[in-house]
Amino acid sequence: MVNILIFITTCFFIFIYPSALANGTHNFSWNETSAILAASNPVGICQSMVQPRGYTCEEHKVTTKDGFVLSLQRIPLGRAGGQRGNRVPVLLQHGLLMDAITWLLSPPDQSLALVLADNGFDVWLVSSRGTKYSRGHVSLKPDSEAFWDWTWDELAAYDLPATFQYVYRQTGQKIHYVGHSLGTLMGMAAFSKGDLVSMTRSAALLSPVAYVGQITSPLGRTAAENFLAETLRWLGLHEFNPKGDAVTKLLKKICANPRIDCTNLLNSFTGKNCCLKPSIVDIFLDHEPQSSSTKNLIHIAQMIREGTISMYDYKDGGQNRRRYGQSTPPAYNIANIPKNLPLFMSYGGADSLSDVEDMKHLLRTLKNHDKNKIVVQFRKDYAHADFVMGINARQVVYEPLMAFFKLH
């Protein structure tokens, strides 16, 4: 039961994972991958997850303007080695309740980070604030309320710029960006304000999340409509720790709802995934889920209920005015993403988080984007997790993605 509850939480609230693709020489089996993951320890992602598979890996740290210390990993070469030269950098941004390890859960020929490295890219992974390897701050401790006073607004305004600037300085080159789910929202929010554009070659958005008012996920919608994250914060839980006792009790309550079938957990949350290997769930649970702020979950719930893309609403005109200079939170205008920024967008017909109707809304918003600068891929059979863990994701998503990168 504990593992089931952890898994529901992993899926809880929305935008998750990244990890899949292929193209290598030695085929690590799923058993070998499991053994490597089981041996992971706090020494760092490079030593525990990348180097045992035969790849060069570097650990880096970057500090955001608001003081959070983020963990980055660089995979500068593929398994075959060679010279670093002028490999083009790619930055991978995970989703909610995840960290950079999720780009490494599959065997090397199916893990996006490693396949990109094997295909000539300079790969960078980042773990967002609050996750296992990014719990540092210049003055705050993770057990303080102030440490968790943020939402994806801050991830877009501080984490992404700090990471982009660091990678840009290290490589001297513009960056290809890959986001999955919440990672796509962070990127689009930043691009819509003109941030990061001068350092970006292109952006690949997998299971794009912008408008979420039409999500059909029973777990996600139930949590939002019943103000469950608000309840947790009212109880004084500022860190949403998916493995904590309070969240476990909350999930038991969710699963008691007769409208929710928790027996088929992943599909009941993400939509019916067509192409997952069953053993990926056990591997996944060895490392995830990760913490986020309860305030972040409240922000996402607001978006689900209201169908808008706005900054966090304090539900108090005076407080909003002090924060934003107006009584209501400012909206993100996705149509302001520069029309000549190359975009690769891939979404699925079975996805209950990046819902088809929400995606149509997003594409209407981008209708004036330069037609030569946007590629939209639709996979009728794919749900949310297929894009990052599907056994055929390399062939149907990642090969086109890499071809797109090589054009830009």
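## Strand S3 and its partners

In this predicted model, leucine 92 of strand S3 has leucine 125 as its bridge partner in S4. In S6, the bridge partner of leucine 92 is valine 178. Leucine 92 therefore has a bridge partner in S4 and another in S6, and its side chain is buried, as its relative accessible area is under 20%.

S3 and S4 are paired in the parallel sense, with five bridges between them. S3 also runs parallel to strand S6 (residues 175–180), to which it is joined by four bridges. The connection from S3 to S4 involves a helix: S3, helix H4 (residues 112–118) and S4 form a β-α-β unit, and this unit is right-handed.

## Burial along S3

How many of the five residues of S3 are buried? Strand S3 spans residues 89–93, and five of its five residues are buried, so the strand counts as mostly covered. In a regular strand, side chains alternate between the two faces of the sheet. In S3, Pro89, Leu91 and Gln93 point one way, while Val90 and Leu92 point the other way. Residues pointing in either direction are buried.

## A buried salt bridge

Arginine 129 and aspartate 159 form a salt bridge through their side chains, at 2.6 Å from N to O. The two residues are 30 apart in sequence and link distant parts of the chain: arginine 129 sits in the loop between strand S4 (122–127) and strand S5 (136–137), and aspartate 159 belongs to helix H5 (residues 152–171).

Is this pair buried or exposed? Arginine 129 has a relative accessible area of 1% and is buried, because the value is under 20%. Aspartate 159, at 3%, is buried on the same cut-off.

## Partly exposed and exposed salt bridges

Aspartate 149 and arginine 233 also form a salt bridge, with their closest N and O atoms 4.0 Å apart. This pair too links distant parts of the chain, the residues being 84 apart: aspartate 149 is in the loop between S5 and H5, and arginine 233 is in helix H8 (residues 228–234). Aspartate 149 has a relative accessibility of 40% and counts as partly exposed. Arginine 233, at 25%, also counts as partly exposed.

A further salt bridge is formed by glutamate 306 and lysine 315, whose closest N and O atoms are 2.9 Å apart. Which of these two residues counts as exposed? Lysine 315 does, because its relative accessibility of 54% is over 50%. Glutamate 306 is partly exposed, with a relative accessible area of 40%. Elsewhere, Glu58, Arg74 and Asp122 are joined into one network by salt bridges that share partners. The structure holds 15 salt bridges in total.

## The chain as a whole

The protein chain contains 16 helices and eleven strands. It has 408 residues, of which 61% count as buried. Its accessible surface is about 15,200 Å², and carbon and sulfur atoms account for 49% of that area.

Contacts were also sorted by separation in sequence. Taking contacts between residues at least 6 apart, 77% join residues at least 24 apart. The salt bridge between arginine 129 and aspartate 159 spans 30 residues, and the one between aspartate 149 and arginine 233 spans 84.

Key: Residues are numbered from 1 along each chain as its sequence is written. This is a predicted model: local features need pLDDT of at least 70, side-chain atom pairs count only at pLDDT 80 or more; totals for chains, interfaces and linings use all residues. Side-chain values use heavy atoms; hydrogens and water are left out. Buried means under 20% relative accessible area, exposed over 50%, partly exposed in between (1.4 Å probe, protein chains only). Contact means heavy atoms within 4.5 Å. Accessible areas come from the Shrake-Rupley method with a 1.4 Å probe; for residues, only the protein chains shown count as cover. Two strands pair if DSSP finds at least two bridges between them. A crossover is right-handed if, with the strands pointing away from the viewer, the path from the first strand over the helix to the second runs clockwise.
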